[in-house]
Amino acid sequence: MKQKIIYFFLLLSTNLFAQNKEKVADEGYELVLNTLLKHTVPEVSVVELKQKLDDVILLDTREDDEYQVSHIAGAKHVGYDFFSKNKVKSIDKDTPVVVYCSVGYRSEKISEKLIKMGYQDVANLYGGIFEWVNQGNTVVKGEENIPTEEIHAYDRIWGAWLKAGKKVY
């Protein structure tokens with residue numbers, strides 16, 4: 001219950017203390033991210049990712065049901081609850097990697113693990129796939145990478161930060 005009260009407060013809050021305002025468009029979302037994330041790994045904005053998309057490996061740390069609804073084109077699914085080093089063993093440790101989830105919390109944790117495993121160039125997508133979609137970028141479904149409007153919104157509380165696309169729960 002206490003956690004839901006905190007989420008409710010954050011949903012109603014405005015951003016008075018933004019440190020990364022240029023990284024997400026919504027000030028309330030910025031406040032949530034600055035509160036939620038520990039900023040323990042390098043972060044990359046959607047704009048920065050788009051500039052180097054062809055030069056990085058994208059890792060999706062959401063669960064399989066979320067990934068199946070949609071993902072960023074070319075992303076490799078590694079999950080969160082069942083993440084293991086076997087899922088990334090084929091990736092050279094010097095290769096630039098950008099990790100994402102819905103908002104950036106789970107991907108921050110997996111980024112920390114990758115760095116501990118010796119990966120040298122790891123960044124967390126700030127704002128996650130929600131911000132990717134909020135900024136008008138496409139997502140795809142299936143191995144065929146078919147464009148879709150659907151995006152897994154995790155749950156109704158977190159889904160409040162997904163402003164574009166069709167929410168799926």
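His39 is partly exposed in this structure, with a relative accessible area of 29%, and the model in which it appears is a predicted one. His39 belongs to the loop between helix 2 and strand 1, the latter being residues 43-44. Its backbone deserves attention, for His39 has a positive phi of about 55° although it is not a glycine. Most residues other than glycine have a negative phi.

A second residue can be read in the same way. Tyr154, which is not a glycine either, has a positive phi of about 65°, and it is found in the loop between strand 8, residues 150-152, and helix 7. With a relative accessibility of 41%, Tyr154 counts as partly exposed.

Tyr154 also leads to the pockets of the model. The largest pocket has a volume of about 230 Å³, and of the 10 residues that line this pocket, the closest to its centre are Val103, Tyr105, Arg106, Tyr154 and Trp158. Sorted by class, the lining of the largest pocket consists of 8 nonpolar residues, 1 polar residue and 1 charged residue.

From the pocket, the reader may turn to the strands, where strand 4 is a useful place to begin. Strand 2, residues 57-60, and strand 4, residues 97-100, run parallel and are joined by 4 bridges. Within this pairing, Leu58 has Val98 of strand 4 as its bridge partner, while the partner of Asp60 in strand 4 is Tyr100. Strand 2 also pairs with strand 3, residues 76-77, in the parallel sense over 2 bridges, and here the bridge partner of Leu59 is Lys76 in strand 3.

Strand 4, for its part, is joined by 3 bridges to strand 5, residues 122-125, and these two strands run parallel as well. Val97 stands opposite Val122 of strand 5. What covers or leaves open the two faces of strand 4 can be read from its side chains: both faces are covered, since Val97 and Val99 on one side are buried, as are Val98 and Tyr100 on the other.

The aromatic rings give another view of how the chain is arranged. A pair of aromatic rings is described by the distance of the centres and the angle of the planes. In this model the count comes to 1 aromatic pair, formed by Tyr29 and Trp161, which are stacked with 5.5 Å from centre to centre and 15° between the planes. Tyr29 lies in helix 2, residues 27-36, and Trp161 in the loop between helix 7, residues 156-159, and strand 9, residues 166-168, so the pair ties together parts that are 132 residues apart in sequence. Both Tyr29 and Trp161 are buried.

Tyrosine rings also meet charged side chains in this model, as two further contacts show. The charged end of Arg156 sits over the ring of Tyr169, at 4.1 Å from the centre of that ring. In the other contact, the charged end of Lys93 is placed over the ring of Tyr119, and its distance from the ring centre is 5.6 Å.

Conventions:
Residues are numbered from 1 along each chain as its sequence is written. This is a predicted model: local features need pLDDT of at least 70, side-chain atom pairs count only at pLDDT 80 or more; totals for chains, interfaces and linings use all residues. Side-chain values use heavy atoms; hydrogens and water are left out. On a 1 Å grid over the protein atoms alone, a cavity is a set of points where a 1.4 Å probe fits but cannot get out, and a pocket is an open set with protein on both sides within 12 Å along at least five of seven lines; lining residues have an atom within 4 Å of a point. Grid points are joined across faces, edges and corners, and a volume is the space filled by probe spheres set on the points. Ala, Val, Leu, Ile, Met, Phe, Trp, Tyr, Cys and Pro count as nonpolar, Asp, Glu, Lys and Arg as charged, and the others, Gly among them, as polar. Rings of Phe, Tyr and Trp (its six-membered ring) pair if their centres lie within 6.5 Å; planes under 30 degrees apart count as stacked, over 60 as edge-to-face and the rest as tilted. Buried means under 20% relative accessible area, exposed over 50%, partly exposed in between (1.4 Å probe, protein chains only). A charge sits over a ring if NZ of Lys or CZ of Arg is within 6 Å of the ring centre and within 35 degrees of the ring normal. Two strands pair if DSSP finds at least two bridges between them.
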